[in-house]
Amino acid sequence: NASLTPLIKNAIDWIAAVRERGEPPLAAYQNRVFALGGASSGHSGATHSLLALRQVLAVGCRALVLAEQVTVPNAEHAFDDMDQLTDARAADQLKILVRKLVDTARLMA
């Protein structure tokens, strides 16, 4: 309902709390890049949830989050029997986003 699920928020918070001796706070989120994607049964395709997730990661965790994101509305009808996206546009967006994620991660390495 236009926000993060408790499971995702709790995972982000626990990961943020764990660090090696001498590491700064939020070390797990530094020097990494994140890509966002979501699917929902509604028409927004998790757009509002991704906005909240982007804020938590980029502002709260000071993580690098790619500007592009992928949303899949009406998720219960969006995949075939082989779990492939049936919407060619969404599938193409996902491939482009994953490529950008990999390329950005390589540049940061």
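Q: Contact means heavy atoms within 4.5 Å. What share of the contacts between residues at least 6 apart in sequence join residues at least 24 apart?
A: It is 63%. This is a predicted model, where local features need pLDDT of at least 70 and side-chain atom pairs 80 or more, while totals for chains, interfaces and linings use all residues. Residues are numbered from 1 along each chain as its sequence is written, and side-chain values use heavy atoms, without hydrogens or water.

Q: What secondary structure does the chain have?
A: Three helices and two strands, which are DSSP runs numbered from the N terminus (helices H or I, at least four residues; strands E, at least two). Along the sequence they follow the pattern α-β-α-β-α.

Q: How far does the C-alpha trace span along its principal axes?
A: About 50 × 30 × 25 Å.

Q: How much of the chain is buried?
A: Of the 109 residues, 28% are buried. Buried means under 20% relative accessible area, exposed over 50%, and partly exposed in between (1.4 Å probe, protein chains only).

Q: How many salt bridges turn up in the whole structure?
A: Three. A salt bridge is a side-chain nitrogen of Lys or Arg within 4 Å of a carboxyl oxygen of Asp or Glu.

Q: Which residue pairs with Lys9?
A: Asp13, with 2.7 Å from N to O. The two residues are four apart in helix H1, so about one helical turn separates them. Lys9 is partly exposed at 32% relative accessible area, and Asp13 is partly exposed at 36%.

Q: And what does Glu68 bridge to?
A: To Lys100, at 2.9 Å from N to O. Glu68 sits in strand E2 (residues 64–72) and Lys100 in helix H3, so this bridge ties together parts that are 32 residues apart in sequence. Glu68 has a relative accessible area of 37%, which makes it partly exposed; Lys100 is partly exposed too, at 33%.

Q: Where do Arg99 and Asp103 lie?
A: Both are in helix H3, four residues apart, or about one turn of the helix. They form a salt bridge whose closest N and O atoms are 3.2 Å apart. Arg99 is partly exposed at 45%, as is Asp103 at 33%.

Q: New topic: Arg54. Which helix holds it?
A: Helix H2, which covers residues 47–60.

Q: Is Arg54 buried or exposed?
A: Arg54 is buried, yet has no salt bridge. The nearest side chain of opposite charge is Glu68, 7.2 Å away. For charge, Lys and Arg count as positive and Asp and Glu as negative, with His and the chain ends not counted.

Q: What does Arg54 touch, then, beyond its neighbours within four places in sequence?
A: Arg54 is in contact with Leu36, Val59, Val65, Leu66, Ala67, Glu68 and Gln69. A polar atom of the Arg54 side chain lies 2.7 Å from the backbone oxygen of Leu66.

Q: What about Leu4, with residues up to four places away left out?
A: Leu4 touches Lys9, Ser49, Ala52, Leu53 and Val56.

Q: And the chain end, where does Ala109 sit?
A: Ala109 is in the segment after helix H3 (88–108). With 90% relative accessibility, Ala109 is exposed. Its C-alpha atom is 8.8 Å from that of Arg32, although the two are 77 residues apart along the chain.

Q: How about Ile96, buried or exposed?
A: Exposed, at 61% relative accessibility. Ile96 is placed in helix H3. The C-alpha atoms of Ile96 and Leu36 are separated by 12 Å, with their positions 60 residues apart along the chain.

Technical notes: Polar contact = N/O pair within 3.5 Å; in protein donor to acceptor, adjacent residues only side chain to side chain.
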